[in-house]
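Please open the model in your viewer and keep the sequence panel beside it. The tour below proceeds by selections, beginning with the whole chain and ending at a loop.

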Amino acid sequence: MKDERATPPRVRIAVIGSSRVGKSALIVRYLTRRYIGEYHSNTDLLYRQTVPINGTPIDLEVIDVSGSNADRFPAEQIQWADACLLVYSVTDRSSFEYATEVLNSLKRSQVQGSPAQGNTAASGPMPLALLGNKTDLDHLRQVSTKEAQTISASLGASFSEASVADNSCDLYRCVDRLLGEVRTPPRSRKFSVSKMIGSLIGSATTNNQITRGSVVVCPRVPTPSRTPLTAAVP
Ligand SMILES: Nc1nc2c(ncn2[C@@H]2O[C@H](COP(=O)(O)OP(=O)(O)OP(=O)(O)O)[C@@H](O)[C@H]2O)c(=O)[nH]1
C-alpha cells in the first residue's frame with residue numbers, strides 16, 4: 001500500500017485582485033515562465049504544479065480568483081487558502097484600494113491558521129503579500145511605491161512591485177517568499193477537487209524544474225474546513 005505520508009506537502013495560494021490587474025498572467029508566468037497576454041475567464045481557476053521551494057518539492061495549488069466578482073469579498077477562497085497574494089495594477093488606483101480593503105478585512109478578522117497549518121491559532125497568522133503589477137507602465141502610474149509599502153507594512157503583508165510582462169525577478173521572489181512562509185505538515189490524506197478539464201501548463205522546463213501541471217475549472221472552491229470569516233466581510 002502507498003505511504004501517503006511520503007507525498008510532498010501541499011500549499012494553497014489564493015491570488016486575489018480586481019479585474020485586469022494581471023492575476024492570470026502572473027500565475028502562468030510563475031508556473032511556466034511564459035507570458036500569455038490575453039485570458040478570458042469569468043470564473044475561478046485552479047492551477048496545480050509541483051515546485052521546489054528551498055530545495056523541497058511542494059504540491060502547489062493556486063486559485064486564480066476571478067476579478068469579475070470583485071464586488072464580493074472572496075471569503076470562501078481565503079478560507080480554502082494557506083496564504084493570499086493580493087495583486088493590483090500600479091496604473092489603477094481603484095485596484096489598489098480593493099487589494100488594501102481585502103488586506104484590511106483580513107487583518108481585522110485576525111485570520112489564524114489554515115488547512116495546511118492544521119487550523120490552529122498557534123500556527124500563526126496567514127501569510128499575506130501585496131504585489132503591484134505593470135511597473136513597465138510607469139508613465140501611467142497612479143500608486144506610488146512608498147504609499148503601497150507603508151500600507152502593506154501596516155497591514156502585516158510583504159510588499160513587492162513587478163512587471164509580469166517584463167518577467168521581473170521580483171515576481172518570483174514575491175511568490176517564493178510567500179510559499180516559504182507557509183508551514184506545512186506532511187499530508188495525511190488526499191483531497192479531491194472539481195472536474196479536471198485539461199492540461200494547460202504541460203511540461204515546460206524552467207529554472208524551477210516544473211514537471212507537469214493542470215488547470216481546473218473551479219466555479220466554487222471546495223468546502224472550507226474551518227470557520228467562515230463572517231467578521232472579514234466588509
Ligand atoms: N503592460 C502590462 N500589461 C500586463 C501585465 N500583466 C498583465 N498585463 C495585461 O493586463 C491584461 C489583464 O491581464 P489578466 O492576467 O487577464 O488579468 P486578470 O487580473 O487575471 O483579469 P480577470 O480575469 O478579469 O480577473 C492583459 O491584457 C495582460 O496582457 C504587465 O506586467 N504589464
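Throughout this tour, a contact means heavy atoms within 4.5 Å. With that cut-off, residues 24 or more positions apart account for 74% of the contacts in the protein with a separation of 6 or more. What you have open is a predicted model, in which local features need pLDDT of at least 70 and side-chain atom pairs count only at pLDDT 80 or more, while totals for chains, interfaces and linings use all residues. Residues are numbered from 1 along each chain as its sequence is written, and side-chain values use heavy atoms, with hydrogens and water left out.

**Whole chain**

Select the protein and colour it by secondary structure, where helices (H or I, at least four residues) and strands (E, at least two) are DSSP runs numbered from the N terminus. You should find 5 helices and 8 strands, and following the sequence gives the pattern β-α-β-β-α-β-α-β-α-β-α-β-β. Next, colour by relative accessible area, taking buried as under 20%, exposed as over 50% and partly exposed as in between, with a 1.4 Å probe and protein chains only. Of the 234 residues in the protein, 52% are buried. The protein exposes about 11100 Å², of which carbon and sulfur atoms supply 51%; accessible areas come from the Shrake-Rupley method with a 1.4 Å probe, and for residues only the protein chains shown count as cover.

**Confidence**

Now switch the colouring to pLDDT, the predictor's confidence in each residue, from 0 to 100. The protein averages a pLDDT of 77, and 68% of the residues score at least 70. Select residues 186-212, where the pLDDT is below 50 and where the model has 72 contacts beyond near neighbours in sequence. Then add residues 223-234, over which pLDDT stays under 50 and for which the model has 28 contacts beyond four places in sequence. Where pLDDT is low, the predicted coordinates should not be read in detail. For the complex, the predictor gives an ipTM of 0.99 and a pTM of 0.80.

**The ligand and its shell**

Select the ligand and expand to the residues near it, a residue being near a molecule or strand if one of its heavy atoms lies within 4 Å of it. The selection should hold 22 residues, the closest of which are S19, K23, G37, E38 and D136. By class, the shell has 7 nonpolar, 10 polar and 5 charged residues, where Ala, Val, Leu, Ile, Met, Phe, Trp, Tyr, Cys and Pro count as nonpolar, Asp, Glu, Lys and Arg as charged, and the others, Gly among them, as polar.

Which side chains have an N or O atom 2.7 Å or 2.9 Å from an oxygen atom of the ligand? The 2.7 Å distance belongs to the side chain of K23, and the 2.9 Å distance to that of Y35. For the side chain of S163, the corresponding distance to a ligand oxygen atom is 3.4 Å. Taken alone the ligand exposes 660 Å², and the protein buries 89% of that.

**Helix 1**

Select residues 23-32 next, for helix 1 supplies the largest share of the shell around the ligand, 3 residues. Is this helix mostly covered or exposed? It is mostly covered, with 10 of its 10 residues buried, including K23, A25 and L31. Display the neighbours as well: the buried residues of helix 1 pack against strand 1 (10-16), strand 2, strand 3 (56-64), strand 4 (83-89), strand 5 and helix 5 (169-181). Just after helix 1, R33 takes a positive phi of about 70 degrees, although R33 is not a glycine.

**Two loops**

Stay in the loop between helix 1 and strand 2 (45-53) and pick S41. Because its relative accessible area is 38%, S41 is partly exposed; its C-alpha atom is separated by 9.3 Å from that of G67, 26 residues apart along the chain. N42 is in the loop between helix 1 and strand 2, and N42 counts as exposed because its relative accessibility is 60%. N42 touches S66, S68 and N69, not counting residues up to four places away in sequence, and the C-alpha atoms of N42 and S66, 24 residues apart in sequence, are 5.8 Å apart in space.

Finally, move to K134, in the loop between strand 5 (128-133) and helix 4 (145-154). Phi of K134 is near 70 degrees, a positive value in a residue other than glycine, and K134 is partly exposed, with a relative accessible area of 23%.

Key. A polar contact is a pair of N or O atoms within 3.5 Å; within protein, one must be able to donate a hydrogen and the other to accept it, and residues adjacent in sequence count only if both atoms are side-chain atoms.
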